[in-house]
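Welcome to a short tour of some aromatic rings. Please have your viewer ready, with side chains switched on.

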Amino acid sequence: MLPVSTFPNTAERQTVASGVTLLRRSETPHWVTYLESGRVGLGVLEGDVLEHQLGVLEGPVWLEATTAVLNLPSAVDAVSQTEVCLRRVPLSEFRQSLGSLNSSAQAVLHDVALAHRQQTEMAVSRLAKDAESRCAEWLLRHAEAGEGGAMAVPLHQRKRLIAAQLGIAPETLSRVLRHLRDRNLISGSGRILNLVDPTGLRALSGA
């Protein structure tokens with residue numbers, strides 16, 4: 001990723017105490033944060049406590065630069081675990097700097113950022129949601145429009161592989177799908193699952 005020295009006039013340096021929330025999920029900051037030193041925990045906040053920890057970053061490193069590359073809200077909460085020294089670069093200038101890269105480099109950076117974002121979202125989903133919520137989210141993400149506009153999910157993978165993606169046992173996946181059928185949220189038991197009630201699935205997923 002670009003060195004912070006690229007932004008000598010606009011990268012604001014700050015020292016922040018331990019226990020301060022630096023990023024919040026679903027919020028789009030107006031800057032990109034470079035962690036010069038110190039340790040930051042990433043995960044899911046419950047109130048003001050990082051109840052579900054996904055990982056730890058130690059400076060020097062960019063903090064959630066993927067968010068800025070894709071121009072999306074933060075996928076994780078971030079809390080300082082020690083005193084940290086930060087540089088905050090205005091988001092507009094950071095994105096402008098990306099435009100100076102050649103088209104091939106931009107394409108590679110975008111693809112890597114997108115893959116990282118998808119992995120992060122799945123990891124956060126595992127931390128913050130129960131099995132039914134994760135399954136509902138997965139079904140909605142993989143849904144395709146069929147005849148008459150009805151939504152369905154073709155199961156191209158074996159259920160054990162799908163279960164591994166969701167961080168649950170294959171038996172749990174089978175049980176969850178059975179419960180979703182009993183609640184008339186989905187139908188079908190072969191290689192195609194029909195989304196009978198997408199609105200209900202979205203509510204279950206927490207979307």
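Start by selecting Tyr-34: with a relative accessibility of 15%, this residue counts as buried (buried means under 20% relative accessible area, exposed over 50%, partly exposed in between, using a 1.4 Å probe and protein chains only). You are looking at a predicted model, in which local features need pLDDT of at least 70, side-chain atom pairs count only at pLDDT 80 or more, and totals for chains, interfaces and linings use all residues. Residues are numbered from 1 along each chain as its sequence is written, and side-chain values use heavy atoms, leaving out hydrogens and water.

Next, select Trp-62, which is buried too, at a relative accessible area of 10%. Then add Phe-94 and look at its ring beside that of Trp-62: the two form an edge-to-face aromatic pair, 5.2 Å centre to centre with 65° between the planes. Here, rings of Phe, Tyr and Trp (its six-membered ring) pair if their centres lie within 6.5 Å; planes under 30 degrees apart count as stacked, over 60 as edge-to-face and the rest as tilted.

Now colour by secondary structure. Trp-62 sits in strand β6 and Phe-94 in helix α2 (residues 91–98), so their pair ties together parts 32 residues apart in sequence. Helices (H or I, at least four residues) and strands (E, at least two) are DSSP runs, numbered from the N terminus.

Is Phe-94 buried or exposed? At 0% relative accessibility, Phe-94 counts as buried.

Finally, show Tyr-34, Trp-62 and Phe-94 together: they form one aromatic cluster.
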